[in-house]
Structures are given as structure tokens and as C-alpha cells.
Number of protein chains: 4
Amino acid sequence: MPVALAANQYGKSRVRLVKVARQGQHHEMTDLSIDITLSGEFADAYTAGDNRSVLPTDTMKNTVYALARKQPLGEVEEFCRRLADHFLTRNPQVAWTRIAATQNLWQRILVNGKPHEHAFLKAGGGCRTARITADRKRTEVRAGIADLTVLKTAGSAFEGYIHDEYTTLKETRDRLFGTIVTAEWLYQPGSHKFGSLWNSVRDTILEIFAGHDSRGVQHTLYAIGETILSRISEIVEIHLSMPNRHCLLVDLVPFGLDNPNEVFLPIDEPHGLIEATIRRTG
Amino acid sequence: MPVALAANQYGKSRVRLVKVARQGQHHEMTDLSIDITLSGEFADAYTAGDNRSVLPTDTMKNTVYALARKQPLGEVEEFCRRLADHFLTRNPQVAWTRIAATQNLWQRILVNGKPHEHAFLKAGGGCRTARITADRKRTEVRAGIADLTVLKTAGSAFEGYIHDEYTTLKETRDRLFGTIVTAEWLYQPGSHKFGSLWNSVRDTILEIFAGHDSRGVQHTLYAIGETILSRISEIVEIHLSMPNRHCLLVDLVPFGLDNPNEVFLPIDEPHGLIEATIRRTG
Amino acid sequence: MPVALAANQYGKSRVRLVKVARQGQHHEMTDLSIDITLSGEFADAYTAGDNRSVLPTDTMKNTVYALARKQPLGEVEEFCRRLADHFLTRNPQVAWTRIAATQNLWQRILVNGKPHEHAFLKAGGGCRTARITADRKRTEVRAGIADLTVLKTAGSAFEGYIHDEYTTLKETRDRLFGTIVTAEWLYQPGSHKFGSLWNSVRDTILEIFAGHDSRGVQHTLYAIGETILSRISEIVEIHLSMPNRHCLLVDLVPFGLDNPNEVFLPIDEPHGLIEATIRRTG
Amino acid sequence: MPVALAANQYGKSRVRLVKVARQGQHHEMTDLSIDITLSGEFADAYTAGDNRSVLPTDTMKNTVYALARKQPLGEVEEFCRRLADHFLTRNPQVAWTRIAATQNLWQRILVNGKPHEHAFLKAGGGCRTARITADRKRTEVRAGIADLTVLKTAGSAFEGYIHDEYTTLKETRDRLFGTIVTAEWLYQPGSHKFGSLWNSVRDTILEIFAGHDSRGVQHTLYAIGETILSRISEIVEIHLSMPNRHCLLVDLVPFGLDNPNEVFLPIDEPHGLIEATIRRTG
């Protein structure tokens with residue numbers, strides 16, 4: 001019975017790195033977790049246990065630390081691209097590589113209203129992600145945001161949907177709308193200034209989420225994506241994932257009380273999950 | 001600037017269900033978590049907030065419970081397929097649907113060596129997964145296993161790999177090999193007896209992992225996949241993901257002690273990650 | 001063989017509540033998770049299955065929602081105290097009760113620099129906790145902070161410690177110091193203005209952590225506690241827990257590189273754990 | 001304003017150890033996570049940053065690995081006791097120490113029904129814990145079990161409880177009863193054969209949980225504790241914690257269906273939490 005290796009990939013995940021850049025007492029600190037993936041001519045390792053083409057994943061990890069030392073990190077997209085270039089250049093057996101990173105964001109501690117030079121507080125408001133996919137012809141640069149948890153207590157309706165025999169949900173013009181936004185977007189080749197672009201995307205997500213007159217999660221998701229594409233020409237397409245983290249209105253009638261949209265039970269499961277990709281077509 | 005909805009999907013995730021089937025004092029208990037996804041003609045909900053084509057995710061959740069009541073669950077693949085059929089049949093706007101389930105496995109409590117009729121212990125050894133993808137022409141049935149955590153203390157080498165300037169790993173003929181196997185396989189159309197097939201796959205994974213003379217994670221992964229395909233004709237292809245959960249040999253020389261492969265530090269991160277798809281080619 | 005119930009307690013945990021207070025378009029939102037514990041004359045439920053003294057935990061949950069509706073929540077300490085009073089007053093069999101709460105903190109989304117009236121972002125920088133312990137004579141009010149993750153890249157030494165046969169750690173005048181502060185403090189009876197007191201504690205933790213010339217985690221922990229007690233007369237004692245979340249300096253010598261305190265590997269485990277209670281003695 | 005260090009403790013947490021004992025091809029494997037705590041005359045480290053009395057937590061970690069190499073581990077209680085003895089003997093400044101361990105349990109992989117000599121599967125059914133508390137006069141040995149997840153679908157009632165204005169729960173003679181048992185017990189001085197005693201406790205928990213005609217969680221918890229004390233004379237007292245992990249009967253009436261105790265929604269939160277200590281009084 002003929003059997004074949006149809007696809008393969010391997011690498012090192014969760015390579016954690018903190019790098020400190022010092023200018024006297026003023027320090028910058030970058031906190032990353034990196035996943036490295038290689039794919040290519042590795043069939044002999046699978047089928048015959050012949051490791052001659054295998055770069056050990058331990059070496060990949062070491063490479064992260066060595067490259068982090070040799071140059072300033074720069075933006076996370078830039079550091080990932082250097083790693084991708086390194087593995088492609090040195091390893092002809094590699095057909096493509098993917099370098100993904102999650103950057104934990106820290107803010108300077110404020111002491112008497114003034115940002116401290118070398119003391120940091122882990123910030124809320126989501127983390128920054130990057131993903132470089134490269135083969136010998138093309139490099140795609142994606143950036144993203146994860147764990148951006150938001151909730152609005154007005155401006156959210158859900159009406160006019162299908163009612164079938166299993167529908168019990170009541171239509172509403174006024175519900176709580178909570179979600180944990182995950183976004184990932186593809187940059188045009190040649191893009192740069194990744195840090196300020198990332199901030200623009202994040203600001204836009206928050207602004208549109210807050211101000212949109214929502215008729216449903218889909219409606220707001222699209223408004224966010226459309227606005228980002230209209231404002232930021234470097235972005236080709238964006239994927240948005242917005243779970244609907246429900247806040248259930250508690251029934252207080254058994255206790256002789258009304259509940260005019262005041263008391264809610266937030267639940268983690270089950271949750272709705274709305275996803276879409278919005279793309280520039282021009 | 002023209003912008004378009006390039007892809008969309010939505011649904012309900014983490015719909016949890018426990019169903020009890022009773023025959024006198026002898027009970028069967030099934031414990032599932034189900035994710036429902038629909039995709040199709042939903043653009044108006046995104047672009048205009050028009051929900052006329054939207055089946056609420058709350059209704060999807062209700063449907064799980066109603067269908068669970070109406071018929072015996074059967075194997076998890078069968079229940080998921082009924083859900084997929086339901087949503088496709090009733091909703092012409094749906095182009096495709098995906099129903100994924102995770103089944104927590106319980107074993108009967110043994111009292112004086114005898115399985116109890118209605119008391120259960122949450123079992124180790126991984127959980128069972130199923131994934132049905134269906135459009136109006138075709139239904140694909142996939143099953144899987146997740147969280148199968150195994151470790152062997154002999155029969156694992158790693159030698160003959162690339163050494164570059166960043167390689168410090170030592171070659172070894174005798175290392176610990178720990179992994180958490182995730183597998184998912186595609187069944188031939190018309191397959192049935194999903195429960196016994198699943199057990200065969202699980203048994204084969206454990207048997208090959210234990211007995212294989214491993215020259216690397218890739219080597220063992222392939223041996224597992226190849227043996228499964230050779231033994232179980234209903235399986236078309238299988239994807240295997242095997243992180244290398246490292247156990248580092250502790251250096252005891254500073255304390256005047258040797259360490260003849262006895263004392264190890266297991267780490268969760270970083271970890272290797274080896275993945276491949278193995279496919280029948282006949 | 002005589003056996004006795006030596007201690008008992010029961011209750012409901014993880015009762016989640018979101019309450020919205022609306023003044024036109026301007027909304028306040030409070031997000032709590034509450035644990036209720038009762039102890040007292042419940043022996044018959046244990047020894048005889050006689051539930052006549054048992055208030056169901058489901059009723060405790062309902063009580064949270066009913067009381068949340070009946071009055072403004074106020075500070076989390078005040079709401080917990082109302083719950084404690086309720087259970088003690090209505091249930092003579094209860095000897096003592098403990099109400100613990102975790103408050104997830106949200107900040108208003110800034111749109112064009114202006115705080116939005118009803119859209120919120122889940123904030124970083126720790127969450128707020130409260131714990132009321134009450135019997136028929138006395139009520140103790142404790143407040144706390146959890147998950148306050150901080151890191152400083154200067155101003156931290158560790159020298160002059162014991163060196164025994166198993167000591168390999170190198171003395172240092174310049175290390176990274178990362179921790180996740182958990183604090184809980186006891187208020188003087190009659191304290192109020194819990195919100196502003198909590199902010200003062202949090203600000204002091206951050207200020208002292210940032211500015212302290214640390215000779216060890218113990219040294220900084222004590223400086224934080226001492227400063228809080230010196231500044232805030234309402235606090236009787238404070239317990240601080242500060243794990244030492246190590247950032248290991250990566251050895252780059254094998255790659256022909258130095259590492260002048262730049263490139264670090266942060267690890268989650270193992271971690272140091274330093275704890276102390278600091279008390280006013282006057 | 002006088003302030004004092006009222007209590008202090010420090011140590012190393014989550015020190016992970018895998019030890020392999022080899023007899024030819026037949027291997028034993030032990031997988032532990034250890035927490036070490038010391039308390040005593042450490043005030044100068046807190047108040048003055050003087051570390052002369054401080055044994056670094058890094059040294060504690062090294063000590064675990066060195067002691068693991070020097071002798072066979074034995075039962076987890078014995079290894080923890082050796083660690084406690086070591087720290088007390090070498091460090092006069094230490095007043096008391098606590099060594100806590102969690103042992104992950106693995107079972108041998110069965111190949112053709114036969115246990116493999118050196119390949120293991122992570123088992124379900126809870127993990128084993130130990131806790132040694134020792135000062136210069138006394139050593140207390142505690143053992144425990146954690147994460148023992150069980151569920152029974154018959155033999156569980158809850159009736160005759162208090163009904164107040166916030167009670168909506170319906171009395172039942174037939175409900176699902178799911179819990180995650182945590183137990184910890186204190187051994188008589190001089191106890192040994194800890195492995196077989198642990199198995200007896202675990203078997204008794206499962207047997208009584210399965211067979212008990214439960215009138216409430218308290219009732220079953222007490223029956224478990226009482227039986228353990230009556231069977232195992234080495235145990236002085238036992239603490240049991242049994243959350244009530246509710247399975248809610250789904251209301252199918254809106255869909256024209258009954259639900260004769262068949263279809264349930266299991267929830268993680270909120271959950272009841274029942275705890276008690278049962279002690280030998282003879």
C-alpha cells in the first residue's frame with residue numbers, strides 16, 4: 001500500500017526573549033515569544049530517520065538569541081524578517097519559513113505623573129503579533145493584535161434575524177456587546193513604520209467599536225475592517241475574529257424585581273464567534 | 001476605495017452537552033463540547049446590518065440540545081453529521097458548515113474490580129475529536145485525538161543533524177522523548193464503526209510510540225502515520241502534530257556528581273513542534 | 001472509632017456579575033466575581049444528610065443578583081459587606097461568613113483623547129480584590145490587589161547571601177527584577193473611601209518598586225509595605241506576595257558573543273516566592 | 001510610626017524533576033513539581049537588605065537535583081522529608097520549613113495487553129500530593145490527592161433545605177452529581193508504606209462516591225472522610241474539598257420536547273464549594 005509524506009513542517013515554539021536597550025539610565029525593553037517553522041526537503045528524516053537535512057530546533061532557539069544580540073531588534077516585524085532571511089539563506093533544503101511572534105506590551109510606570117526610565121508595568125489592551133511567511137521569491141509581512149477585550153453598554157442591537165422552531169432569543173435594541181478582538185492584516189510589500197501603523201489599527205478598532213451603531217457583531221466587524229482599509233493604504237487585507245462574549249440579563253421576576261438592563265451574568269461559554277476577511281479590491 | 005468581504009464565517013463555540021442514556025440502573029454518559037460554523041450568503045449582515053439571513057448563534061445552541069433529545073446521540077461523528085445536515089437543509093443561504101466536537105472521555109469507576117453502572121471517573125489518555133465539513137455536494141468526516149501525553153525513557157536517539165555556528169546541542173543515542181500527540185484523520189466516504197476505528201488509531205499510536213527505535217521525532221511520527229494507514233483502510237490521510245516536550249539532563253558536575261541519564265528538568269517552553277500529513281497514494 | 005466533623009464551610013464560588021449604572025448616555029460598569037462562604041451549625045447535613053439548616057448555594061447566587069438590583073453597588077467592599085450582613089442576619093445557624101470578590105478593572109476607551117461614555121477596554125495593571133470576614137461580633141474588611149505584573153531593568157542587586165555546596169548563582173549588582181505583586185491589607189474598623197485608598201496603595205506599590213534601590217526581593221517587599229503603612233493610617237497590616245519571575249542572562253559565549261546584560265530568557269518556572277506580613281505596632 | 005515584620009516566608013516554587021531509575025530495560029519514572037518554603041530569622045534581609053542569612057532560592061532548586069541523584073527517591077513523602085531535613089540541619093536561622101510536592105502520575109503503555117518497560121502514558125484520575133511541615137521538634141507528614149474528577153448519574157438527591165425569598169432551586173431526588181475531589185490527610189508519626197496507603201485512600205474515595213446514597217454534597221463528603229478514617233488507622237484527620245460542578249437540566253419545553261433527566265448543560269461557574277475536616281477523636 002503506497003503511502004506518502006504529503007506535507008511537513010517543523011520548528012521551535014515559544015522561544016521567549018527579553019531584550020534591554022540601554023542609553024544611560026533610560027532603558028527600552030522588548031518582550032517577545034517567537035515560533036519558528038521550516039518546511040522543505042525533509043522527507044528523509046521522516047521516512048528513514050536520516051537527519052542530515054535537519055537543523056535542530058535547539059539551534060533555531062540559539063539563533064534567536066544570537067541575532068537579538070548582533071543588532072538592535074527594531075520593530076518586531078523586522079526582527080522576524082531577519083530570522084526568516086537567516087534560515088532561508090543558510091538552508092537550501094528549506095522551501096518556506098514562517099516566523100510568528102507575540103509581543104507582550106509594557107508601559108512605563110508613572111511616578112508622580114512622569115514615566116519612569118527603567119521600570120515597567122505590564123499593560124492591558126491586547127498584545128501585538130507579527131507573522132512573516134517567506135519563500136525564495138516572496139516575503140509576506142502580517143501584523144496583528146490579540147486579546148483586545150472590550151465591552152460597550154449601549155449602541156448595540158440585534159433584530160430582524162431568522163426565527164425557526166428552535167429560536168428563543170428575544171430581539172433587542174439595547175444589549176451589552178462584549179468581545180475579544182483578534183485581528184491580523186497583510187501589508188503591502190515595501191511597507192515600513194510598523195509601530196505607528198500598528199497603533200493606528202488599534203486606535204481605529206477601539207474608535208469604531210465604541211462609536212458604531214451596531215446592528216450585530218457582523219455589522220461592527222465589517223465597519224472596523226472597512227475603516228482600517230480606508231485609512232491605512234499599506235494594508236491589503238485584514239482578518240477579524242470577534243467572539244460574542246455574552247452578558248445575559250438576569251431574570252429577577254421570581255424575586256419581585258424588575259431588571260431594566262442593569263444586572264447581567266457574563267459567561268465565557270458558549271460564545272458566538274464571528275470572523276471575516278475584508279480585502280481591498282481596487 | 002473599493003473594499004469587499006472576501007470570506008466570512010460565524011457560529012457558536014463551546015456548546016457543552018452531557019447526555020445520559022438510561023437502561024434501568026445501567027447508564028451511558030456522553031460529554032461533548034461542540035463548535036458550529038456556517039458560511040455562505042451573509043454579506044448583508046456585514047455590510048448593511050441586515051440580519052434577515054442570520055440564524056442566531058443562540059438558536060444553533062438550542063438546536064444542539066433539541067437534536068440531542070430527539071434521537072440517541074450515537075458516535076460523536078454521527079451526531080455532528082446530523083447537526084451539519086440540519087443546518088444545511090434548513091438554511092439555503094449556507095454554502096458550507098463545519099461541526100467540530102471534543103468528547104471528554106470518562107471511564108466507569110471500578111468498585112471491587114467491577115465497573116460501576118452509573119459512576120464515572122474522568123479518564124486520562126487524551127480526548128476524542130470529530131470534525132464534519134459539509135456543503136451541498138460533499139460531506140467530509142474527520143476524527144481525531146488530542147492531549148495524548150506520552151513519554152519514553154529509552155529507544156530515542158538524535159544524531160547526524162546539521163551543525164552550524166549556533167549549534168550547541170549534543171548528539172545522543174539515549175534521550176527522553178516526551179510529546180503530546182494530536183492527530184486528525186479523514187475517513188473514506190461511507191465509513192462507519194467510528195468508535196472501534198478510533199480505538200484502533202489510539203492503540204496504534206501508543207504501540208508505535210512505545211516500540212519504535214526512534215532516530216528523531218519526525219521518524220517516529222512518520223512510523224505512526226504509516227502504520228495507521230497500513231492497518232486501517234477507512235483512513236485516507238492523517239495529520240499528526242507532535243511537540244517535542246524536552247526533558248533537559250541536569251548538569252550536576254558543579255556539585256561533584258555525575259548524571260548518568262537519571263535526573264532531568266522537564267520544560268514546557270520552548271518546545272519543538274513537528275507536524276506532517278501522511279496520505280494514501282494508491 | 002469516634003470520628004468528628006472538626007471544621008466545615010460551604011458556599012458558592014465564581015458568581016459573576018456585571019452591573020451597569022446609567023445616567024443618560026453616561027454609564028458606569030462594574031464587573032465582579034464573588035465567592036460566598038458560610039460556616040456554622042451544619043453538622044446534620046454532613047453526618048445525617050439532613051438539609052434543614054442548609055441555605056442552597058443556588059440561593060446564595062440569586063441573592064447576589066437581587067441585592068445588586070436593590071441598591072447601588074457602591075465600592076466592592078461595601079457590596080460584599082451587605083452580602084455578609086444579609087447571610088448573617090437571616091441565618092442564625094451561620095457562625096461566620098466570608099465574602100470575597102475580584103473586580104476586573106475596565107477603563108473608558110479614549111476616542112480622540114476623550115473618554116467614551118459607554119465603551120470600555122479591559123485594563124491591565126492588576127485587579128482589585130476585597131474580602132469581608134464577619135461573625136456576630138466583628139466584621140473585618142480587607143482589600144487587595146492581584147496580578148500586578150512589573151519589571152525593572154536597573155536598580156536591583158543580589159549579593160552577600162549564603163554560599164553552600166549547592167550554590168552556583170553568581171552575585172550581581174545589576175539584574176532584571178520582575179514580579180507579579182499580590183497584596184492584601186486589613187482596614188481599621190470604620191474605614192471608608194475604599195476606592196481612593198485602593199488607588200493610593202496601588203500607586204505606592206508602583207512608586208516604591210520603581211524607585212527602590214533593591215538588594216533583594218525581601219528588601220523591596222518590606223520597603224513597599226512599610227511605606228504603605230506610613231502613608232495610609234487606615235491600614236492595620238498588609239500581606240505582600242512577590243514571586244521572583246526570573247529573567248536569565250543568556251550565555252552567548254558559544255557563539256563568540258558577549259552579553260552585557262542585554263539578552264534574557266524569561267522563565268515562568270521555577271520561580272522564587274517571597275511573602276511577608278507587615279504590621280503596625282503602635 | 002512603628003512597623004514590624006509580623007511573618008515571613010520565602011522559597012522556590014515549581015521546581016520540576018523527572019527521575020528515571022533503570023534496571024536494564026525496565027525503567028521507573030517519577031515526575032514531580034516541588035515547592036520549598038523556609039521561615040525563620042530573616043528579618044535583616046527585609047528591613048536592611050542584608051542577605052547574610054539568605055539561602056538563595058536558586059540553591060534550593062539545585063539541592064533538589066543533587067539530592068535526587070544521591071539516593072533513590074523513594075515515595076514522594078520520603079523525598080520531601082529528606083529535603084526538609086537538609087534545610088533544617090544546614091540552616092540554623094530556619095525556624096520551620098515546608099516542602100510540598102505534586103506528583104504527576106503515569107501508567108505504563110499497554111502493548112498487546114502487556115505493560116511496556118519504558119514507555120508511559122500520562123494517567124487520568126488525579127495527581128498525588130505530599131506536604132511536609134517540619135521545625136526542630138516535630139515533622140508533620142501530609143499526603144493528598146488533587147484533580148480527581150468524578151460524576152454520577154444516579155444516587156444523588158437534594159431536598160429539605162431552607163427556602164427563602166431568593167430560593168428558586170427545585171428539590172430533587174435524582175440529579176447528576178459531579179465534583180473534582182481534593183483531599184489532604186495527616187499521617188500518624190511513624191507511618192510508612194505511603195504508596196499503598198495513598199492507593200487505599202483513592203480507592204475509598206471512588207468507592208464511596210460511587211455507592212453512597214447521597215442527600216447532598218456534605219453528606220457524601222462526610223461519608224468518604226468517615227470511611228477513610230475507619231479503614232486506615234495511620235490517618236489522624238482528613239480535609240476534603242468537593243466543588244459542586246453543576247449539570248443543569250436543559251429546558252426543552254419551548255421546543256415541544258420533554259427532558260426526562262437526559263440532556264444537561266455542564267457549567268464551570270458558578271459552582272458550589274463544600275469543604276470539611278474530619279478528625280479522629282479517640
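**Exercise 1. Find which residues touch the most other members of the largest nonpolar core.**

Step 1. Start with the terms. A nonpolar core here is a set of buried Ala, Val, Leu, Ile, Met, Phe, Trp, Tyr and Cys residues joined through C-beta atoms within 7 Å. Buried means that 20 or more other C-beta atoms lie within 10 Å of a residue's own; 12 or fewer makes it exposed, anything in between partly exposed, with C-beta atoms placed from the backbone.

Step 2. The largest such core has 312 residues, and A:Val150, B:Val150, C:Val150 and D:Val150 touch the most other members.

Step 3. A quick word on what you're looking at: this is a predicted model, where local features need pLDDT of at least 70, side-chain atom pairs count only at pLDDT 80 or more, and totals for chains, interfaces and linings use all residues. Residues are numbered from 1 along each chain as its sequence is written, while chains are lettered from A and ligands numbered from 1 in the order in which they are written.

Step 4. Now zoom in on A:Val150, leaving aside its neighbours within four places in sequence. In its own chain, A:Val150 is in contact (C-beta atoms, placed from the backbone, within 7 Å) with A:Thr179, A:Val181, A:Leu206 and A:Phe209. From chain C, its contacts are C:Ile109, C:Ala119, C:Phe120 and C:Leu121.

**Exercise 2. Describe how chain B meets chain A.**

Step 1. Count the residues: 68 of chain B are in contact with 68 of chain A.

Step 2. Sort them by element (helices, H or I, of at least four residues and strands, E, of at least two are DSSP runs, numbered from the N terminus). On the chain B side, strand E1 (3-23), helices H1 (43-48), H2 (57-70) and H5 (217-231), and strands E9 (235-244) and E12 (271-280) each supply at least two residues. E1(B) gives the most, with 14 residues.

Step 3. Sort by class (Ala, Val, Leu, Ile, Met, Phe, Trp, Tyr, Cys and Pro are nonpolar, Asp, Glu, Lys and Arg charged, and the others, Gly among them, polar). That side of chain B has 28 nonpolar, 24 polar and 16 charged residues.

Step 4. Check the strand pairing (at least two DSSP bridges between two strands). Strand E12 of chain A and E1(B) run antiparallel, joined by 10 bridges. One example: A:Gly272 has B:Lys12 as its bridge partner.

**Exercise 3. Work out how chains C and D are related.**

Step 1. Look at the contact: 68 residues of chain C touch 68 of chain D.

Step 2. Find the strands. E1(C) and strand E12 (residues 271-280) of chain D are joined by 10 bridges and run antiparallel. There, C:Ala4 stands opposite D:Arg279.

Step 3. Superpose the copies by least squares on C-alpha atoms of residues with pLDDT of at least 70 in both. A turn of 180 degrees and a shift of 0.0 Å along the axis lay chain C on chain D with an RMSD of 0.0 Å. The two copies are therefore related as by a two-fold rotation axis. The same surface serves both, as 100% of the contact residues of chain C recur in chain D.

**Exercise 4. Sketch the layout of chain A.**

Step 1. Chain A has five helices and 12 strands, and 46% of its 282 residues are buried.

Step 2. Split chain A into domain 1 (9-137) and domain 2 (145-282), with bounds from an automatic or database domain assignment. Their C-alpha centres lie 30 Å apart.

Step 3. Where the domains touch, domain 1 gives eight residues and domain 2 nine.

Conventions
Contact = placed C-beta atoms within 7 Å.
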